Amino acid sequence: MAWRSSGTNNAEMVDKLKRYGVISNDHVEGGFRRVDRKFFVPRGNENIAHSDQPLKEGNIHISAPHIYGSAIEALDLAPNSSTSFLNIGCGTGYISCIVAEILGPNSLNYGVELHDDVIHHCKASIAKWKSNVVDDDGSISTIRFMDKTADIKLIKGNGLNIIESKGESVAGFDRIYIGAAVDKQALANITKLLSPGGILVGPVDDELVKIMRVGKLSPELEKDAASDSRLVDKEFTSQILSGVRFAPLVTLPSLTTTIPSSVWNPSIQRSYPPDFQQASMELLMCSNSCINQPPPRQPRPDELFNAAAMLPRALWVEILSYTHRKCKYPSHISELK
């Protein structure tokens, strides 16, 4: 299977990835077909862009196609969803773009990269793949596409020093990919960034592993988890996918890195989960209107509900901007009684 998925062009490479069982999911196949690897390989390697081998030029690395195929299959991506994705050591941006194609316009897509030359290559590669504009704001570059592809946020930082208690990390990420090898100690810190039910795939020492966070320990138990592996086993499940050889994730400089939160406003409503969209729409529709309406009939006792939504719409817009996209809301008004 491994190393046999080379092609003379992108279509042939994907055909072989499918033929040899590296990829089987139709959505994963579609993502690979829509993102041509030739745009992302290190400069001077375009003639072997579709060979099933890793390519490297200085700090710029791109893994073999069969590795990316196995990793993306293992991430269990839900197409056209509001999934949040974090790519630690995002490199060329190749896997970030494939994931963006699969998850669709309502997803969140973050990449963390330490090297300036790699970030420059990543931006240039993505521009060759698909038209976009880049908004630079300090260490954060937001790539906005001309079509419905979800924005990709590139953050200059160290993936080993992402602050768990700030920004988007507070609620955690649904899917995480690590683009360079880490040891088990570093892995323990990164897995804390997973939301409950989230999946992480990446190289740990010399193995490609898949980790799922099946729950979240209470703060009291979390303190004891460092010394009691049985507690960690209750929070995570792990699976070895294959043996691999990756360059290690760079530890220095140890930049403290914050993943910026997604701040709600009406223009990005569609990028939020369906339950959030429904709840916020109901709140805004129930907010005070300047149109005089006839008084409603007197409700029966079993129809009474909390009418706190009768605040001005402008106030609800402000409140919602402080609300995280993963907040859970009742599915029906009767649950508020």
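This is a short talk on the largest pocket, one helix, some salt bridges and a surface patch in a predicted model.

I'll start with the pocket. The largest pocket holds about 770 Å³ of space. Its lining has 43 residues, and those closest to the centre are H61, G179, A180, F246 and A247. Several elements give two or more residues to that lining, among them strand 1 (55-57), strand 2 (60-62), helix 3 (65-74) and strand 11 (236-243). By residue type, the lining divides into 24 nonpolar, 16 polar and three charged.

Now helix 3, which I just listed for the pocket lining. How many of the ten residues of helix 3 are buried? Nine are, so the helix is largely enclosed by the rest of the structure. The buried set includes P65, H66, I67 and Y68, and also E73, a glutamate. Just after this helix, D76 takes a positive phi of about 50 degrees.

Next, the salt bridges. There are 13 in the whole structure, and I'll go through three.

The side chains of K18 and E29 meet at 2.9 Å, N to O. This pair links distant parts of the chain, with K18 in helix 1 (residues 10-19) and E29 in helix 2 (residues 26-34), eleven residues apart. Are the two partners buried or exposed? K18 is partly exposed, because its relative accessible area is 40%. E29 has 13%, under the 20% cut-off, so E29 counts as buried.

The second bridge joins K123 and D136, at 3.1 Å, N to O. Here K123 sits in helix 5 (residues 116-129) and D136 in strand 5 (residues 132-137), 13 residues apart. K123 is partly exposed at 22% relative accessibility, while D136 is exposed at 54%.

The third is D135 with R144, at 2.6 Å, N to O. D135 is partly exposed at 36%, and R144 is partly exposed as well, at 32%. Going back to K18 and E29, salt bridges that share partners join them with D15 and R33 into one network.

Last, the stretch around helix 10. L311, L315 and I319 make a nonpolar surface patch of about 210 Å². Of these, L315 lies in helix 10 (residues 313-320), and L315 counts as partly exposed because its relative accessibility is 39%.

One contact in space involves L320. N265 and L320 are 55 residues apart in sequence, yet their C-alpha atoms are 7.6 Å apart. N265 is in the loop between strand 11 and helix 9 (274-286), and N265 is partly exposed, at 30% relative accessible area.

Conventions. Residues numbered from 1 in each chain as written. Predicted model: local features only at pLDDT ≥ 70, side-chain atom pairs only at ≥ 80, totals over all residues. Heavy atoms only, no water. Patch = residues over 30% accessible without salt bridge, like charges linked within 9 Å, V, L, I, M, F, W, Y side chains within 5 Å. Areas by Shrake-Rupley, 256 points an atom, 1.4 Å probe, with all protein chains shown as cover. Salt bridge = Lys/Arg side-chain N within 4 Å of Asp/Glu carboxyl O. Helix = DSSP H or I, 4+ residues; strand = E, 2+ residues; numbered from the N terminus. Buried < 20%, exposed > 50% of the residue type's maximum accessible area, 1.4 Å probe, protein only. 1 Å grid on protein atoms, 1.4 Å probe; cavity = no way out; pocket = protein on both sides within 12 Å on 5 of 7 lines; lining within 4 Å. Points joined across faces, edges and corners; volume = space filled by probe spheres on them. Nonpolar A, V, L, I, M, F, W, Y, C, P; charged D, E, K, R; others polar.
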